[in-house]
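Colleague: Could you walk me through the open and enclosed spaces of this model, and then a few backbone details?

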Amino acid sequence: MKYIVVSGGVISGAGKGIVASSAGLLLQSKGLVVTAIKIDPYINIDSGTMNPLHHGEIYVTDDGSEINFDLGSFERYLSITLQRDHNITTGKIYLDIISRERVGDYLGKTVQVVPHVTNAIQECIERTAKIPVDESQAEPDVCIIELGGTVGDIENSPFIYALAQLRKRVGKENFVQIHVAYVPVLPPGPFGEQKTKPTQRSISDVRSAGLSPLLVACRCEVPLEPVTIQKIANMCSMEPEQVISVHDGPTTYHVPLLLEKQDLLGKLCEYLELPFDRIPSRRIEQCKHVWNDWAHLIQSQHTIIDTVSIALVGKYTSNKDAYLSVSKSIEHAAMYCHKKVKIIWIDAAHLEEETYQDSPVKYHKAWQDLCSVKGIVVPGGSGTRATGGIIKAITWARSKKKPFLGVCLGMQLAVVEYARYVMGIPDAGSQELHPESKNHVIIYMPEHDQENGRDTMRLGKHLCIFKEGTEWSKLRSLYGPTTLQIEERHRNQYEINPQMVEELEKAGLAVIGKDATHKRVEIVEIRDHPFFLGVQFYPEYLSRVLRPSKAFLGLFAAAAGCLEMIPASLQQGHRGLMEDH
């Protein structure tokens, strides 16, 4: 097994996940089987209980794990399927160690950070690295490890020590470290100076901690100047070839191409002595084809002129990372349709009358934005705050024939809105949001144990079966006439009240798909509308750069005015509408 560790310094959020995913994609392009691990030093067991406003998106995998959103980057770039074990946290490690200590596994020894915690980290990494992650079910050749946070964080110390020991354990020929550091430009602007001191300090810190980066990936707003590269190399005792520029571009998807131009793959191959001789020729050809499709798709974006505006109306828009997979899914759909996208972020609370009383400017700005866009997305969430504004946005989309996609909470509030303003049930509501209502069109799922206070959620990949007689559905047309069922990832604890389904359908809100029991509603759609779709699942979790989510593709294509062209393009196996011309 070959290991590539991607660490960070100076500041967090500089792009370790994108650099790690891009390096993995380059290795994958040569036929290697690549897996990924994300290390998070927080004490939480997973991300399930974290506030999206503070932490960002809670990403869900096939097996129902609620994990760090960086795992989503790995899945999107590499088209692999990760699971619970691919996210290592301090909480998981200590829970394992304490459980083992309680049953006597340590034979009465004093349990310490070194060697017990650090050994447990290494064992966890080596065990997880062997888990198959793609359809081949082959053991991976390379494991990309992203170390969360920054070197120097006190909570990272055990992981850094463990990684240093892992390098010694597996041999230096099987271990490479890429350190991501930030190069600020002061003063900001085209005539500013690129400052290297933060990078120098960061490299010094990581070396003093026991690791030795082979490469330093320098994040900067603009390409690194030759003099800057030379200075970093001199001050960090590196060759200029070991300094890689990762500067801003149109999208994050250009980073693999940027790294390829700087021969990152060649450097990794030379140092790690990668096992290309064991790769079947058929896999090499397949991976080469995927890489060419990726490069062609990203490069084609430079010629696009048309821009389509999509409103993302949510509860947590002050932290855009809370909807990272949603925004990426919209980007995937836009690239397929050969369009640019401008996402308009609207705080749903600003659409409410209370905001008008406190801040008329915010209120009018939110409504101006909503009225100007071509399509509207309402993503998932929980809690009552801002739901009044969401319902108003849904009313606007339905009545003004604006393409609309509601995900989880978005779907549930679309049903509430429909019951209130189309069916004439003024107190229609949700058990979560409107407990005082007498007509709950949204109820707790049967799995939810209200009496004992168990906050049970339906997590992971579940089946959705299309209902007979719904062949007219715009969503179904994107899957093709032979598709009778799909699998999507869920994170829910509420559902449409089964006793209200017949009334909803009679009023024109069609049920398109149900779960395997044929009782739980998964998809609703309005027929007499350009595109009005609600889904109980989270389609963004399975959206990929070369294989966009059908739900988001339908929404964007309807907004862009090219929805009628998409089904034929998909059935012919095209990577995008540009291939039709």
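**Pockets, patch and backbone**

Modeller: Happy to! This is a predicted model. Its second largest pocket has a lining of 47 residues, and those nearest the centre are Ile 18, Thr 252, Asp 321, Leu 324 and Lys 328.

Colleague: Which element gives the largest share of the lining of the second largest pocket?

Modeller: Elements that contribute two or more residues to this lining are helix 1 (16-28), strand 2 (34-40), helix 3 (70-78), strand 11 (243-247), helix 12 (324-336) and strand 13 (340-347). The largest share is 6 residues, and it belongs to helix 12.

Colleague: Which domains each give at least three residues to the lining of the second largest pocket?

Modeller: The pocket in question holds about 1200 Å³ of space. At least three lining residues come from each of domain 1 (2-296) and domain 2 (305-572).

Colleague: How many residues of that lining are charged?

Modeller: Let's split the lining of the second largest pocket by class. There are 16 nonpolar and 17 polar residues, and the charged ones number 14.

Colleague: Turning to enclosed space, what is the volume of the largest cavity?

Modeller: Searching the whole structure turns up 1 cavity of 30 Å³ or more. The volume of the largest cavity is about 50 Å³.

Colleague: How many charged residues line the largest cavity?

Modeller: Its lining consists of Pro 250, Thr 251, His 254, Ile 298, Gln 301, His 302 and Met 335. Sorted by class, 3 of the lining residues are nonpolar and 4 are polar, while the count of charged residues is none.

Colleague: On the surface, which elements give two or more residues to the nonpolar patch?

Modeller: The patch is formed by Tyr 94, Ile 98, Val 113, Val 114 and Tyr 161, which together have about 410 Å² of accessible area. Two or more of the patch residues come from each of helix 4 (90-102) and helix 5 (113-129).

Colleague: Val 114 also has a cis peptide bond; which residue does the bond join to Val 114?

Modeller: Val 114 sits in helix 5, and its partner in the bond is placed in helix 5 too. With omega at about 15 degrees, the cis bond joins Val 114 to Pro 115.

Colleague: Where is Pro 187 placed?

Modeller: Leu 186 and Pro 187 are also joined by a cis peptide bond, with omega about -15 degrees. Pro 187 belongs to the loop between strand 8 (185-186) and strand 9 (193-194).

Colleague: One last backbone point: what is phi of Leu 107?

Modeller: Leu 107 is found in the loop between helix 4 and helix 5. Phi is positive here, in a residue other than glycine, and its value is near 55 degrees.

How values were computed. Residues numbered from 1 in each chain as written. Predicted model: local features only at pLDDT ≥ 70, side-chain atom pairs only at ≥ 80, totals over all residues. Heavy atoms only, no water. 1 Å grid on protein atoms, 1.4 Å probe; cavity = no way out; pocket = protein on both sides within 12 Å on 5 of 7 lines; lining within 4 Å. Points joined across faces, edges and corners; volume = space filled by probe spheres on them. Helix = DSSP H or I, 4+ residues; strand = E, 2+ residues; numbered from the N terminus. Nonpolar A, V, L, I, M, F, W, Y, C, P; charged D, E, K, R; others polar. Domains from an automatic or database assignment. Patch = residues over 30% accessible without salt bridge, like charges linked within 9 Å, V, L, I, M, F, W, Y side chains within 5 Å. Areas by Shrake-Rupley, 256 points an atom, 1.4 Å probe, with all protein chains shown as cover. Salt bridge = Lys/Arg side-chain N within 4 Å of Asp/Glu carboxyl O.
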